[in-house]
Amino acid sequence: MQKHSASIPVRSWDSNFGNGIAVVRIASEIPGSKEFNHAHRHDYHLFVLQESGISHTEIDFKKYLIGKPTILYQSPNQVHRALKVENISGFILTISNENLNADYLKLLQRNTPIEPLSLCSRTDLAIIQACFLLCRNLYDRKEDKLYHLQLKDSCNTLVALFMSQFLKQSKPAEKLSRFEIIQKAFSELLEQNFVQMKRPADYAAALNISVAYLNECVKNVTGFSVSHHIQQRIILEAKRLLYHSDKSVKEVAAELGYDDYPYFSRLFVKVAGITALTFRSKNHD
């Protein structure tokens, strides 16, 4: 049975790991894996290279079975847990916002959520392995005069390698249509502001375009309206809180900016197809 707490647990940075960067080698078991079995968020960014073995992971209600060389990124916002790990080997980088190159941080925020990505090319796998090994070795050289700077620079190179792989799967920015550029900007705004901004007009104003044009762009690219995306993002957050915490439905509504509890309840039914209480009882059994 899934254990629940007063709120979604957040794994905060362990001061024993130093100044916002840790590089860990995985050998058969993830360090602190028992804690990873319980759903949680981080207040830092997590980059994983799984070289071998099998892992079963759940990220925001989606389950992934990873059984080949794969890179995985989890943002501070995402709720996740390890369901099962079998003889895996690889590396983990954890890094705080302050240590990330500003351009890389913007890229991550713009593209999150990012699906786990299998590395089909041996060359791509080899260069990421080599960079991880360099970062791991530098991480242990704490007596070096420029320890933190060289570690931060090498880890940002590793983040760039990850992002390069993820961006291979998406269309280059210079090839995006006007509709796609606006839809991407809307998605980025939505991720950052869904609690405060709940009307299509809020997003249209932020992007200096009309509501009708914003809707046209978003629907052309995704097949769904702006309102649909706003509601889906709000209810995803509601599901996270209902599934992973013991907050009441009324408390969840208030946390998401809804003083009108009946309205929130109707919205949940409209988007999820069941009541919030039914969703909770199904997942707390």
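**From a strand hairpin to the largest pocket**

Strand 4 and strand 5 form a hairpin with 2 residues between them, and D60, which lies in the turn, has a positive phi of about 50°. The structure discussed here is a predicted model. The two strands of the hairpin, strand 4 (residues 45–59) and strand 5 (residues 62–66), run antiparallel and are joined by 5 bridges. One pairing can be followed residue by residue: T57 has Y64 of strand 5 as its bridge partner. As a general point, side chains in a regular strand alternate between the two faces of the sheet.

The hairpin belongs to a protein with 11 helices and 8 strands. Of the 285 residues in the protein, 44% are buried. The accessible surface amounts to about 14,800 Å², and carbon and sulfur atoms account for 53% of this area. The contacts can also be described by sequence separation: among those between residues at least 6 apart in sequence, 75% join residues at least 24 apart.

Two asparagines, like D60 in the hairpin turn, carry positive phi values. N87 is not a glycine, yet its phi is positive, at about 50°. This residue is placed in strand 7. N87 counts as exposed because its relative accessibility is 64%, and the cut-off for exposure is over 50%. N208 likewise is a residue other than glycine with a positive phi, in this case near 60°. N208 sits in the loop between helix 6 (200–206) and helix 7 (211–222). With a relative accessibility of 71%, N208 also counts as exposed.

Another asparagine, N99, occupies the loop between strand 7 (80–95) and helix 2 (102–111). Is N99 buried or exposed? N99 counts as buried because its relative accessibility is 7%, and buried means under 20%. The side chain of N99 reaches the backbone oxygen of G20 at 3.4 Å. When neighbours within four places in sequence are left aside, the contacts of N99 are N19, G20, I21, H148, K152 and N156. G20 thus appears both in this contact list and as the owner of the backbone oxygen reached by the N99 side chain.

A buried loop residue is also found further along the chain, where L256 lies between helix 9 (249–255) and helix 10 (261–272). L256 is classed as buried because its relative accessible area is 3%. Apart from residues up to four places away in sequence, L256 touches F194, V195, K198, I234, E237, A238, L241 and F264. For one of these partners, L241, the separation from L256 is 15 residues in sequence and 10.0 Å in space, C-alpha to C-alpha.

The final step concerns empty space. In general, rolling a probe the size of a water molecule over the atoms shows where such space is left. The largest pocket holds about 1,200 Å³ of space. Its lining consists of 37 residues, and those nearest the centre of the pocket are N111, T112, P113, E191 and L236. Strand 5, helix 2, helix 5 (178–193) and helix 8 (226–244) are the elements that give two or more residues to this lining. Which element provides the largest share? Helix 8 does, with 8 residues. Strand 5 links this pocket to the starting point of the description, being among the elements that line the pocket and also part of the hairpin with strand 4.

Methods:
Residues numbered from 1 in each chain as written. Predicted model: local features only at pLDDT ≥ 70, side-chain atom pairs only at ≥ 80, totals over all residues. Heavy atoms only, no water. Pairing = 2+ DSSP bridges. Helix = DSSP H or I, 4+ residues; strand = E, 2+ residues; numbered from the N terminus. Buried < 20%, exposed > 50% of the residue type's maximum accessible area, 1.4 Å probe, protein only. Contact = heavy atoms within 4.5 Å. Areas by Shrake-Rupley, 256 points an atom, 1.4 Å probe, with all protein chains shown as cover. Polar contact = N/O pair within 3.5 Å; in protein donor to acceptor, adjacent residues only side chain to side chain. 1 Å grid on protein atoms, 1.4 Å probe; cavity = no way out; pocket = protein on both sides within 12 Å on 5 of 7 lines; lining within 4 Å. Points joined across faces, edges and corners; volume = space filled by probe spheres on them.
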